[in-house]
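Visitor: I'd like to learn how to read a few features of a protein model. Could you walk me through them?

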Amino acid sequence: MVENIDPEEVLARFEELSVLEAEFEDVELELIRKSNALNAPLWKKRTEVIAKIPHFWTLVFEQAPPELDSFVLPSDAKIFAECFESLEVTRFEIDDPKGSPRSVSLKFGFGDNEYFEDKVLEKKFWFRKSRDWEGLVSEPVKINWKKGQDTTYGLTDAAVKLANARKKVGSKAKETGLPEYKKLVSMIEESTEASPSFFAWFAFVSDYRWVSAEESEQAEKEDAERLEKLKRGEKVEEPEDEDDDTIDYQETEVFPQGGEIATLIAEDLWPSAIKYYKQSHEQDGDDFSDIDVEDMDEDDDESGDEIDIRGLVGKGQAGSPPTKRQRKA
């Protein structure tokens with residue numbers, strides 16, 4: 001049992017750990033930069049190779065970890081199987097001194113289809129900070145759905161409208177009074193879907209709340225000043241909690257796990273795509289020399305309860321297990 005603990009000594013050690021934690025953070029960011037630079041030419045070469053492989057990314061997503069797979073509904077799987085053509089992940093702020101190497105863009109490419117007009121859906125995530133939070137934020141992406149094909153039942157459109165209205169008000173507190181805010185809250189509350197469509201992910205904003213570039217820059221500046229004081233051994237007061245953060249901003253969040261999904265795609269699915277593609281064949285003991293991914297088999301999608309992605313893209317063999325299960329409300 002430890003006795004006679006000196007509170008001042010404990011505080012001093014805690015402050016030392018805070019400085020060390022910041023140094024670990026700097027190393028981690030540098031590793032992201034170096035990894036990106038080393039992998040960039042390989043990713044370019046991979047893109048050239050997989051351009052010759054039909055349904056490559058569809059089969060990669062079919063092997064996605066459960067954290068992502070659980071959000072790919074049968075209706076989403078059908079869209080992926082029919083028109084998902086490409087994926088590109090970039091660290092768009094990696095050379096920006098005011099940005100963060102953790103900021104990431106995910107660009108999905110689609111062929112002509114009966115679901116939406118867009119050929120490209122790009123979702124950008126900025127790594128931002130507030131006084132008491134840090135993480136990814138994003139702006140909702142408008143999907144130009146064709147009539148009767150919106151798998152999000154209007155949620156993405158409502159999120160886009162709120163985001164546009166939010167830019168016109170200067171206060172976070174005023175945001176809750178917007179009709180667009182109240183409309184989205186109502187739509188989320190009234191939704192009867194057991195799980196949101198993957199395409200609702202394009203409406204994600206934050207697992208906390210929207211944080212602007214200006215607010216993040218100010219928080220970064222305060223953190224840097226605090227760190228310098230700690231390094232000099234000066235006493236530092238903890239920042240006060242934000243006054244207006246009693247508001248539950250998550251009540252308008254269409255896809256609360258959006259940041260986790262973005263990180264999973266960027267840091268797992270994207271760099272390990274070849275591994276997941278090979279797994280889509282190896283799990284059934286396929287002989288790669290005998291695979292004809294162009295041979296479409298439309299008879300595999302007879303059940304309304306199960307979707308076999310590999311069957312939809314012509315990869316699956318007779319009797320191969322279905323992987324997408326219908327959600328029950």
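Guide: What follows is a short tour of pockets, salt bridges, burial and backbone angles. Keep in mind that this is a predicted model.

Visitor: Let's begin with empty space. What volume does the largest pocket have?

Guide: The general idea is simple: rolling a probe the size of a water molecule over the atoms shows where empty space is left. Here the largest pocket comes out at a volume of about 1,100 Å³.

Visitor: Which residues lie nearest the centre of the largest pocket?

Guide: The lining has 37 residues, and E25, K129, E134, E220 and D223 are the ones nearest the centre. Three elements give two or more residues to that lining: α1, β3 (120-129) and α8 (213-231). Of these, α8 supplies the largest share, with nine residues.

Visitor: How many of the lining residues are nonpolar, polar and charged?

Guide: The lining of the largest pocket splits into 14 nonpolar, five polar and 18 charged residues.

Visitor: With charges in play, I'd like to hear about salt bridges. How many salt bridges are there?

Guide: Side chains of opposite charge can pair when their charged atoms come close. The cut-off is a side-chain nitrogen of Lys or Arg within 4 Å of a carboxyl oxygen of Asp or Glu, and by this rule the count is 15 salt bridges.

Visitor: Let's take one inside a helix. Where do E82 and K78 lie?

Guide: Both E82 and K78 are in helix α4 (residues 74-83), four residues apart, which is about one turn of the helix. Their closest N and O atoms are 2.6 Å apart. E82 is partly exposed at a relative accessible area of 41%, and K78 is partly exposed too, at 28%.

Visitor: And the rest of that helix: how many residues of α4 are buried?

Guide: Seven of its ten residues are buried, so α4 is mostly covered. The buried ones are P74, D76, A77, I79, F80, A81 and C83.

Visitor: Now a pair from farther along the chain. Which residue does E267 form a salt bridge with?

Guide: E267 pairs with R91, with the closest N and O atoms 3.9 Å apart. E267 sits in helix α9 (residues 258-269) and R91 in the loop between β1 (84-90) and β2 (104-110), so the pair ties together parts that are 176 residues apart in sequence. On the accessibility side, E267 is exposed, with a relative accessible area of 51%, whereas R91 counts as buried at 18%.

Visitor: Back to α8. How far apart are K231 and E228 in that helix?

Guide: K231 and E228 are three residues apart in helix α8, about one turn. Their side chains meet in a salt bridge at 3.9 Å, N to O. K231 is partly exposed at 47% relative accessibility, and E228 is partly exposed at 38%. There is also a network: salt bridges that share partners join K129, E134, E220 and D223. Those four are among the residues nearest the centre of the largest pocket.

Visitor: What about a nonpolar patch on the surface: which residues make it?

Guide: L17, L20 and F24 make a nonpolar surface patch of about 320 Å². L20 belongs to helix α1 (residues 7-50) and is partly exposed, with a relative accessible area of 39%.

Visitor: For contrast, is L68 buried or exposed?

Guide: L68 counts as buried, at 0% relative accessibility. You'll find L68 in helix α3 (residues 66-69). L68 and I265 are 197 residues apart in sequence, yet their C-alpha atoms are 8.3 Å apart in space.

Visitor: Last topic, backbone angles. What phi does H55 have?

Guide: Most residues other than glycine have a negative phi. H55, though not a glycine, has a positive phi of about 65 degrees, and lies in the loop between α1 and α2 (56-62).

Visitor: Where is Y153 found?

Guide: Y153 is in the loop between β4 (134-138) and α5 (155-166). Y153 has a positive phi of about 55 degrees, again without being a glycine. Its side of the accessibility story is that Y153 counts as exposed, at 59%.

Definitions and conventions. Residues are numbered from 1 along each chain as its sequence is written. This is a predicted model: local features need pLDDT of at least 70, side-chain atom pairs count only at pLDDT 80 or more; totals for chains, interfaces and linings use all residues. Side-chain values use heavy atoms; hydrogens and water are left out. Patches are made of residues with over 30% relative accessible area and no salt bridge: like charges are joined within 9 Å, nonpolar side chains (Val, Leu, Ile, Met, Phe, Trp, Tyr) within 5 Å. Accessible areas come from the Shrake-Rupley method with a 1.4 Å probe; for residues, only the protein chains shown count as cover. Buried means under 20% relative accessible area, exposed over 50%, partly exposed in between (1.4 Å probe, protein chains only). On a 1 Å grid over the protein atoms alone, a cavity is a set of points where a 1.4 Å probe fits but cannot get out, and a pocket is an open set with protein on both sides within 12 Å along at least five of seven lines; lining residues have an atom within 4 Å of a point. Grid points are joined across faces, edges and corners, and a volume is the space filled by probe spheres set on the points. Ala, Val, Leu, Ile, Met, Phe, Trp, Tyr, Cys and Pro count as nonpolar, Asp, Glu, Lys and Arg as charged, and the others, Gly among them, as polar.
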